[in-house]
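Here are my comments on the model you sent, set out as numbered points. Please read them with the structure open beside you.

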Amino acid sequence: EYGKRVTPGELTLSYSNTTTLGIATGKVLDSTYSYPLNLSSAFTKTTATWAVGTGNGALDTGAVANSTTYHVYLIRKDSDASIDILFSTSATSPSMPAGYTYKKRIGCFRTDASAQIIKFYQHGNEFRFNARN
């Protein structure tokens, strides 16, 4: 059943390497609690510019920045209800790709002084970042 919160173990983010995150399957309602968002297969996304599909970039605007927090969103395309992932520096209003309206923030990650993803571990809604990669 779709809930207001992410169920522990679902939509978990994982560090893959300095430019790539993994996102586990899961389902949740969008931020307005109106539309179901179901990531039915695991995704990987990189810190490159957003492109549809797993294995592609996820940044909503610009290039990855040094020492910055990025928020990870599950997003839904209006025309066919397809689901994807988006990274944004905005905790509330990411720049959505054309055709995508609904979203849900599912976590975050940070970059270091070289714009590389800092290793982290997620347990439920808690994120722990390593001091060193």
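1. Asn38 is a residue of strand 4, and in this predicted model the residue is partly exposed, with a relative accessible area of 34%. That value places Asn38 in the middle class, because buried is reserved for under 20% and exposed for over 50%. Across the fold, the C-alpha atom of Asn38 is separated by 9.4 Å from that of Ala81, although the two residues are 43 residues apart along the chain.

2. The setting of Asn38 becomes clearer when strand 4 is viewed as a whole, since its side chains alternate: Pro36 and Asn38 point to one face and are not buried, while Leu37 and Leu39 point to the other and are buried. In a regular strand such alternation between the two faces of the sheet is what one finds.

3. Strand 4 pairs with strand 3 in the antiparallel sense, over 4 bridges, and within this pairing Gly26 of the hairpin stands opposite Leu39 in strand 4. The hairpin has 6 residues between the strands, and in it Tyr33 takes a positive phi near 60 degrees.

4. Which residues does Asp30 touch, not counting those up to four places away in sequence? Asp30 sits in the loop between strand 3 (26–29) and strand 4 (36–39), and it touches Tyr35, Leu37, Tyr102, Lys103 and Lys104. A polar atom of the Asp30 side chain lies 2.6 Å from the backbone nitrogen of Tyr35. Asp30 is buried yet has no salt bridge, with Lys103, the nearest side chain of opposite charge, 7.2 Å away; that separation does not qualify, because a salt bridge requires the side-chain nitrogen and the carboxyl oxygen to be within 4 Å.

5. The count of salt bridges comes to 1, and the side chains that meet in it are those of Lys45 and Asp84, at 2.8 Å from N to O. Lys45 belongs to strand 5 (residues 43–49) and Asp84 to strand 8 (residues 83–88), so the pair ties together parts that are 39 residues apart in sequence. Both Lys45 and Asp84 are buried.

6. Lys45 also appears among the contacts of Thr20, which, leaving aside neighbours within four places in sequence, touches Ser14, Tyr15, Thr44, Lys45, Thr46 and Ile117. Thr20 lies in strand 2 (residues 20–23) and is buried, with a relative accessible area of 12%.

7. For the aromatic residues, a search of the whole structure finds 6 pairs. One of them is formed by Tyr70 and Phe109, which are stacked, with 5.4 Å centre to centre and 20 degrees between the planes. This pair links distant parts of the chain, Tyr70 being in strand 7 (residues 69–77) and Phe109 in strand 9 (residues 100–110), 39 residues apart. Tyr70 counts as buried at 3% relative accessibility, and Phe109 counts as buried at 0%.

8. The rings of Phe120 and Phe127 form a pair that is tilted, because their centres are 6.1 Å apart and their planes stand at 45 degrees. Both Phe120 and Phe127 are buried. Returning to the stacked pair of Tyr70 and Phe109, I would add that ring pairs link Tyr70, Phe87 and Phe109 into a cluster.

Note on methods: Residues numbered from 1 in each chain as written. Predicted model: local features only at pLDDT ≥ 70, side-chain atom pairs only at ≥ 80, totals over all residues. Heavy atoms only, no water. Helix = DSSP H or I, 4+ residues; strand = E, 2+ residues; numbered from the N terminus. Buried < 20%, exposed > 50% of the residue type's maximum accessible area, 1.4 Å probe, protein only. Lys, Arg positive; Asp, Glu negative; His and termini not counted. Polar contact = N/O pair within 3.5 Å; in protein donor to acceptor, adjacent residues only side chain to side chain. Contact = heavy atoms within 4.5 Å. Pairing = 2+ DSSP bridges. Phe/Tyr/Trp six-rings, centres within 6.5 Å; stacked < 30°, edge-to-face > 60°.
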